[in-house]
Amino acid sequence: MGQPIAFEELEWKEKGMDLIKELAASGAPFDAYALTEKGLADPPHPNKWGSLFRAARSRRLIEHAGFHRSSRPSRSGGVCQQWIGLPEANR
């Protein structure tokens with residue numbers, strides 16, 4: 001028997017936020033697939049990616065840095081957003 005969905009979502013969001021902080025501090029642009037490459041599982045629902053990045057933007061960790069072709073295999077080169085850390089995120 002698995003954990004309740006609410007707990008799994010909270011755990012996923014916390015791990016995702018930690019990885020966003022790490023990537024933001026690097027100063028290099030990144031996208032959601034960078035989180036997957038660092039070990040974050042796919043969210044319980046694909047729309048959760050947007051809420052994770054909105055939360056990070058609201059915390060002033062990241063800002064929008066443009067668009068590029070996704071390297072996520074399932075996206076087949078589709079366009080996705082890139083993010084970059086704000087200077088405050090490096091503190």
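Me: What makes the set around Ile20, Phe30 and Leu35 a nonpolar core?

Reply: Happy to go through it, with the reminder that this is a predicted model. A nonpolar core is a set of buried residues such as Ile, Phe, Leu and Trp, joined through side-chain atoms within 4.5 Å. The largest such set here has 19 residues, and those with the most contacts inside it include Ile20, Phe30, Leu35, Trp49 and Ile62. Two or more residues come from each of H1, helix H2 (32-37) and H3, with H1 giving the largest share, 6 residues. In soluble globular proteins, nonpolar side chains tend to be buried together.

Me: How do you know that Lys48 and Glu9 form a salt bridge?

Reply: The cut-off is 4 Å from a side-chain nitrogen of Lys or Arg to a carboxyl oxygen of Asp or Glu. For Lys48 and Glu9 the N to O distance is 3.1 Å, so the pair qualifies. Lys48 lies in helix H3 and Glu9 in helix H1, so the salt bridge ties together parts that are 39 residues apart in sequence.

Me: Why is Glu9 called partly exposed?

Reply: Buried means under 20% relative accessible area and exposed means over 50%. Glu9 has 26%, so partly exposed is the right label. Its partner Lys48, at 28%, also counts as partly exposed.

Me: What makes Lys38 and Glu22 a salt bridge that links distant parts of the chain?

Reply: The N to O distance is 2.8 Å, and the limit is 4 Å, so the pair counts. Lys38 sits in the loop between H2 and H3, while Glu22 belongs to helix H1, 16 residues apart.

Me: Why is Arg72 called buried, and why is Asp42 called exposed?

Reply: Arg72 has 13% relative accessibility, and the limit for buried is under 20%, so Arg72 is buried. Asp42 has 53%, and exposed starts over 50%, so Asp42 is exposed. Their side chains meet in a salt bridge at 3.5 Å, N to O. Arg72 is in the loop between strand E1 (62-69) and strand E2 (79-85), and Asp42 is in the loop between H2 and H3.

Me: How do you know that Lys13 can belong to the patch of positive charge?

Reply: Patch residues need over 30% relative accessible area and no salt bridge. Lys13 lies in helix H1, and its relative accessibility is 33%, so the area condition is met. Lys13 gathers with Lys21, Arg54, Arg57 and Arg59 on the surface. Helix H1 (5-26) and helix H3 (48-58) each supply at least two residues of this patch.

Methods
Residues are numbered from 1 along each chain as its sequence is written. This is a predicted model: local features need pLDDT of at least 70, side-chain atom pairs count only at pLDDT 80 or more; totals for chains, interfaces and linings use all residues. Side-chain values use heavy atoms; hydrogens and water are left out. Patches are made of residues with over 30% relative accessible area and no salt bridge: like charges are joined within 9 Å, nonpolar side chains (Val, Leu, Ile, Met, Phe, Trp, Tyr) within 5 Å. Accessible areas come from the Shrake-Rupley method with a 1.4 Å probe; for residues, only the protein chains shown count as cover. Lys and Arg count as positive and Asp and Glu as negative; His and the chain ends are not counted. The place of a charge is taken as NZ of Lys, CZ of Arg, CG of Asp or CD of Glu. Helices (H or I, at least four residues) and strands (E, at least two) are DSSP runs, numbered from the N terminus. Buried means under 20% relative accessible area, exposed over 50%, partly exposed in between (1.4 Å probe, protein chains only).
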